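I opened this model to look up its charged pairs first, then its strands, and last its nonpolar packing. My entries follow in that order.

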Amino acid sequence: VSTQSTWGLRLGMRSTVPGLPLGIGVLVVDDEYINRVVVKKVLTSEPFLSLGWSVHEVSSGEEAISFVKSTSGIGIVFMDQNMGEGMSGTQTITLMRQLERDCKIPRLTIISLTANCSPEDRQNALHSGANELIGKPIPSSQKLAKILCSILNCIQSDPPSESQPHQDTLPQLLSVISATSSE
């Protein structure tokens with residue numbers, strides 16, 4: 001029997017990777033097909049494979065909003081921050097956060113992805129409602145698992161308010177990201 005937390009993550013049976021939930025839906029949003037393929041490949045290999053995650057992909061912010069509205073069980077979203085046409089990743093994240101409030105859907109864990117990892121890019125992602133920004137190319141599955149564990153542990157121990165993103169945990173997350181990038 002699994003229960004649903006306020007962050008949209010199914011909890012219950014013990015995960016094979018401590019800190020990562022079992023059986024959640026993951027949405028990958030990127031306008032570039034090859035980027036979606038890479039993220040999906042990482043998320044469907046070990047250690048993620050044993051978690052039973054269902055990985056879906058869409059190519060635009062508009063599709064992402066529609067997908068989240070119509071699909072239950074999505075817990076994590078990987079969002080390209082700079083999509084070419086239509087809504088940007090930051091606009092899409094802002095609308096997803098509004099959708100959570102308006103439609104009473106469980107809070108999503110949103111990871112913004114970008115090739116540009118400047119402090120301004122990070123600030124824009126966090127301000128739009130992302131939980132974290134990860135640079136492209138996406139890290140290996142083992143490194144990504146460590147990063148996600150840190151993000152999810154921060155969220156579960158101290159949920160952000162609607163008006164304030166999770167900026168207080170940024171130094172902790174940066175230390176994990178730095179440590180995993182040097183491995």
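Entry 1, charged pairs. I looked first at Asp30, Asp80 and Lys136, which are linked in a network of salt bridges (a salt bridge being a side-chain nitrogen of Lys or Arg within 4 Å of a carboxyl oxygen of Asp or Glu). I note that this is a predicted model, in which local features need pLDDT of at least 70 and side-chain atom pairs count only at pLDDT 80 or more, while totals for chains, interfaces and linings use all residues. Residues are numbered from 1 along each chain as its sequence is written, and side-chain values use heavy atoms, with hydrogens and water left out.

The structure holds 7 salt bridges. I found Arg97 and Glu100 joined by one of 2.8 Å, N to O, both residues lying in helix 3 and 3 residues apart, about one turn of the helix (helices, H or I of at least four residues, and strands, E of at least two, are DSSP runs numbered from the N terminus). Glu100 also forms a salt bridge with Arg107, where the closest N and O atoms are 3.4 Å apart. Buried or exposed, I asked of Arg97? Arg97 is buried at 5% relative accessible area, Glu100 counts as buried at 7%, and Arg107 does so at 18% (buried is under 20% relative accessible area, exposed over 50%, partly exposed in between, with a 1.4 Å probe and protein chains only).

Entry 2, a pair between elements. Glu132 and Arg122 form a salt bridge with their closest N and O atoms 2.1 Å apart; because Glu132 lies in strand 7 and Arg122 in helix 4, the pair ties together parts that are 10 residues apart in sequence. Glu132 is buried at 0%, and Arg122 is buried at 13%.

Entry 3, strand 6. I checked its neighbours and found that strand 6 pairs in the parallel sense with strand 5 over 5 bridges and with strand 7 over 4 bridges (pairing requires at least two DSSP bridges). Val77 stands opposite Ile110 in strand 6, and Ser112 stands opposite Leu133 in strand 7. Of the residues of strand 6, 6 of the 6 are buried, so it is largely enclosed by the rest of the structure.

Entry 4, packing. The largest nonpolar core has 24 residues (such a core being buried Ala, Val, Leu, Ile, Met, Phe, Trp, Tyr and Cys residues joined through side-chain atoms within 4.5 Å). I noted that its largest share, 7 residues, comes from helix 5.
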